[in-house]
Amino acid sequence: MDIIVLQPDTADEEIRHILKKLESKGLKAHVSQGTERTIIGVIGDTSKVTEEEEAAIRVMAGVENVVRILKPYKLASRDFKKQTTAIDAGLGVVIGGKKISIMAGPCSVENRSSMMLVAEKVKEAGANILRGGAFKPRTSPYSFQGLGEEGLQYLAEARKKTGLPIITELMDSRDLDVIMKYADIIQIGTRNMQNFRLLLEVGSVNKPVLLKRGLSATIKEWLMSAEYIMSRGNQQVMLCERGIRTFETATRNTLDLSAIPVLKQLTHLPVVVDPSHGVGKWDLVAPMAKAAVAAGADALMIEVHCNPEEALSDGEQSLRPDHFAKLMQELKLIALAVGREI
Ligand code: PEP
Ligand code: MN
């Protein structure tokens, strides 16, 4: 028993009664108010609910049906919710609707002036979300690690100037408070996709989370990580494909575009694609960005830098503003061709 479908016009009192009953069995619930139906998602180890107990819930007032979900992820599953989740990032930006969102900006926030300049450029080109890392997960401890809170302040200043909501990475729960103070969307990076304690932390806050796919994670493992976040109450999760490890070395990673239609079948969560980390070379970013839109992505994340040769991280995969602006024009046409808009 994983989902309880309620009859239309079920009274609040009846819903409370059902929730109490679940609680008495050690289960938690997530109530999802749809346009036609209210659904209760049951959270916890539902395998312990006996057939008799399930039958008793089936006959409670207000209950129309009780459904078992066979997949190990439940709240993230399309069986639980048919309609793609629309996530409100603030400042008028919604991810998961007809409009495809474009998140753009530098890999790292490097200093105030370059951040302000690139923010203006991506805004001008039509991006609607600003990205920039202040806490950077670098392979080498000797590489630039990010500016920390100072970087977040520059991002916030750029948001004020451009009106674009900001997304930035949270690497460690010790930084959650400061990230909450500044970010509109919290990014969980590839290297932390299975940092389960961190996932539970962001599951407890009221802020959208972008969950990047682990370097070698299967789609099922990735959805289980989304489930970790959602199980704590935060349903505002989007999934970001950013390339996986394969034997191929011509590109930094192998961008798994087939993950887009697979996820569209399996989950109601919005799908974001990051072609920059997927390919690792700036001149391969545009074709993969276009392919991602054609394949049904709800948003893209693209690294843009005004002076890529001088970038403190990921310069080789960053687009210059003029290339980014050209790509935006091309993406608009592709979006139109697949019934979306940018
Ligand atoms: C990034 O977005 O700059 C980043 C570090 O991404 P990933 O976690 O996908 O490597
Ligand atoms: Mn990067």
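Is Asp9 buried or exposed in this structure? Asp9 is exposed, with a relative accessible area of 78%; here buried means under 20% relative accessible area, exposed over 50%, and partly exposed in between, with a 1.4 Å probe and protein chains only. The structure is a predicted model, in which local features need pLDDT of at least 70, side-chain atom pairs count only at pLDDT 80 or more, and totals for chains, interfaces and linings use all residues. Residues are numbered from 1 along each chain as its sequence is written, chains are lettered from A and ligands numbered from 1 in the order in which they are written, and side-chain values use heavy atoms, with hydrogens and water left out.

The protein chain is divided into domain 1 (3-67) and domain 2 (87-337), with bounds that come from an automatic or database domain assignment. The C-alpha centres of domain 1 and domain 2 are 36 Å apart. Asp9 sits in the loop between β1 (3-6) and α1 (12-24); helices (H or I, at least four residues) and strands (E, at least two) are DSSP runs, numbered from the N terminus. Asp9 has a positive phi of about 65 degrees although it is not a glycine. Most residues other than glycine have a negative phi. Glu36 belongs to the loop between β2 (28-33) and β3 (38-43) and is likewise exposed, with a relative accessible area of 70%. In sequence, Glu36 and Asp9 are 27 residues apart, while in space their C-alpha atoms are 9.5 Å apart.

Attention now turns to the metal site. Four residues coordinate the manganese ion (ligand 2) at 2.0 to 2.3 Å, namely Cys107 (SG), His277 (NE2), Glu303 (OE) and Asp314 (OD). Donors are N, O and S atoms within 2.8 Å of the metal (3.2 Å for Na, K and Ca), and because water is not among the atoms, sites may look incomplete. The donor residues follow the spacing C-x169-H-x25-E-x10-D in sequence. His277 lies in helix α9 (residues 275-279) and Asp314 in the loop between β14 (299-303) and α11 (321-337), so the pair ties together parts that are 37 residues apart in sequence. Both His277 and Asp314 are buried, and the relative accessible area of Asp314 is 13%. Asp314 also has a positive phi, near 55 degrees, in a residue other than glycine.

His277 has a second partner in ligand 1: a polar side-chain atom of His277 lies 3.2 Å from an oxygen atom of this ligand. A polar contact is a pair of N or O atoms within 3.5 Å; within protein, one must be able to donate a hydrogen and the other to accept it, and residues adjacent in sequence count only if both atoms are side-chain atoms. For Gln187, a polar side-chain atom is 3.0 Å from an oxygen atom of ligand 1, and for Arg131 the distance from a side-chain N or O atom to a ligand 1 oxygen is 2.8 Å. The protein covers 97% of the 300 Å² of accessible area that ligand 1 has on its own, as computed by the Shrake-Rupley method with a 1.4 Å probe.

Strand β14 also holds Ala299, which is buried with a relative accessible area of 0%. Leaving aside neighbours within four places in sequence, Ala299 is in contact (heavy atoms within 4.5 Å) with residues including Ile95, Ser101, Met103 and Val272. Ala299 and Lys99 are 200 residues apart in sequence, yet their C-alpha atoms are 8.5 Å apart in space.

Ser101 appears again in the surroundings of Asn128, where a polar contact of 3.2 Å joins the side chains of Asn128 and Ser101. Asn128 lies in the loop between α3 (112-125) and β8 (129-131) and is buried, with a relative accessible area of 12%. The Asn128 side chain also reaches the backbone nitrogen of Ile102 at 2.8 Å.

A second buried asparagine is Asn234, with a relative accessible area of 3%, placed in the loop between α7 (219-231) and β12 (237-241). The side chain of Asn234 reaches the backbone oxygen of Val205 at 3.0 Å and the backbone nitrogen of Gln236, also at 3.0 Å. Among the residues that Asn234 touches, beyond four places in sequence, are Val202 and Gly203. Both of these are among the buried residues of helix α6 (residues 196-203), and the buried residues of α6 pack against α5 (176-182), β10 (185-188), β11 (209-212) and α7.
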